[in-house]
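Colleague: May I ask how the terms used for this structure are justified? I should like each answer to set a value against a definition.

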Amino acid sequence: MHEAVFGGIATEKLRGYAVWEPILRTDNLRGARKATTILPDSRVRHYWIDGQEVGVAFKPSLGLKDEVAWDVYLVYPPGVEWAGTRPPKPSFFMHQLHELPSSRRLDAGALAARLRQTLSDAVK
Amino acid sequence: MRDRPVLFGSLAAGLLASACCIGPLLLGAIGLGSIGLGAWLAPARPWFLGLTAVLLGIGFYLAYRPVRASACEPGQSCEAPKGRRSQRIILWSVTLVAAGLATYPSWGARGSDAPATAGPYDSTANVVTLEVTGMTCEACEAEIERGLMAVPGVVRATVDYEQSRAEIVSSAALDPRDLISAVEKTGYEALTVLPTQSDVPKGTRSGLSGQWRGSLTVGEDGKTAELVVDLAIVAGRWSGQFDLPDFGVEDYPVDVAVAGPKVTLRLSAAQIEFVGEFKEAGNALAGLAETRGNRDSLVLRRVGGAQLSEEFLRLEAVSEDSTRAEPLSASGAELRKRFNQDKAFTRLLMLLSPT
């Protein structure tokens, strides 16, 4: 993931947010801190939330009914704003959940290609 | 001469009672200073003192007991007044020597000719504090001071038995390892003391200390470990040690080499080297740029750092921001704020589980 996306896209016009949330019983802040090493990039900010509130808040944006949003990757072009409490809809997303279409299952290469396209579109 | 074993015994006991301090001196002189004889014998010192007193008491009894002339047989010390007189002279001589040896720990330090101060020094002199282990009495202080004063550049050495500390003042920056080696030659052990915040003299470069904490990712399995590096400016030089608690690695030295703007931290025990274009601004080191190691993949990032003083070094890795997991409130307001601040950027938001 890191190599394909942040390692492969050098531009400073990309920003990343990794929200680490507890899904398994063993998930905690210490684990989240260790996990930050998976995405070692100065453009990525890491957050830890001791609950699933953010995952729940993103359910409507992704069309999830049962599962909490986690292991999901949401792309936003420049200009999109997060107004109010409801998160904005992404222009593209990928996931590793059961409930969402398999056509959007995470493929790091495809995600990177989509990000490049978004970055390219933003320049035009 | 059945008194002879008693005299030798009291002499030997007196020697053993003083061995906690004389031992390291003698052994140090023949190159066996580090075997720790003094520390080993120190707990038994009261017993040796008691034995000395008992044996001398027996000796005095034998030398001064009243003897009937009729009880004397040819060849015994009571036979002639001259023989008994020489026995008493020997006894008193042995008593003096044994008493001197037994009380050496008390007067040895005062009797030392080790100069605690050699010449004037100014306020900008370098000060190194060592923690000295193995001292069992005040007499040990003088011997260690003598050893430290023999190091070129040292203008004052003060050893405190009570505090287990040695304070060394030098006219120029000295390598603490040379001082530690000097202490070890006298039969004791020493460690560099990293100053605490309260020790930090304002406005000076000496004595600053701090801690830098990072995490290592080793290999493709993403195994992480906590790395703690303690660094200090000791006597004008960067010095330090590191721990890898997850691997049971503790108190290994960090070699710090400064060559212009390039600073190298060498953790030789872990075969890891950090090379950075550090800026030495005031008392700070900033900017850790590159990491070299013998591992396939090694990512080092700062996850937290202790700044023991405002003036202390700030070692910051390139990706400092990405190493912290900032706490989010239930509303996710912090994320929303950042997301909107970055409105001009293309953004990738990931919701992930740590495991």
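Colleague: What makes Gly109(A), Ser120(A), Asp121(A) and Val123(A) of H5(A) exposed residues?

Modeller: This is a predicted model. A residue is called exposed if 12 or fewer other C-beta atoms lie within 10 Å of its own. These four residues of H5(A) count as exposed, and they are carried by the face turned away from the buried side of H5(A).

Colleague: Which residues in H5(A) are buried?

Modeller: Leu111(A), Leu115(A) and Thr118(A) are buried in H5(A). They cover an arc of only 60 degrees around the axis, and therefore lie on the same side of H5(A).

Colleague: What covers the buried residues of H5(A)?

Modeller: The cover includes helix H1 (2–6), strand S1 (14–20), strand S3 (72–76) and strand S4 (92–95) of chain A, together with strand S16 (346–352) of chain B.

Colleague: How do you know that the span of helix H5 of chain A agrees with its number of residues?

Modeller: Helix H5 comprises 16 residues (108–123), which at 1.5 Å a residue should span 22 Å. The end C-alpha atoms are 23 Å apart, so the two values agree.

Colleague: Which residues have the most contacts inside the largest nonpolar core?

Modeller: They are Ala18(A), Val19(A), Trp20(A), Tyr47(A), Met350(B) and Leu351(B), in a core of 39 residues. Leaving aside neighbours within four places in sequence, Leu351(B) is in contact with residues including Val19(A), Val54(A), Phe58(A) and Val72(A). A second, separate core of 21 residues includes Ala139(B), Ile168(B), Val169(B) and Leu174(B).

Terms used
Residues numbered from 1 in each chain as written. Chains lettered and ligands numbered in written order. Predicted model: local features only at pLDDT ≥ 70, side-chain atom pairs only at ≥ 80, totals over all residues. Helix = DSSP H or I, 4+ residues; strand = E, 2+ residues; numbered from the N terminus. Expected span 1.5 Å × (residues − 1). Buried ≥ 20, exposed ≤ 12 C-beta atoms within 10 Å, placed from the backbone. Arc of directions from axis to C-beta. Contact = placed C-beta atoms within 7 Å. Core = buried A, V, L, I, M, F, W, Y, C linked by C-beta atoms within 7 Å.
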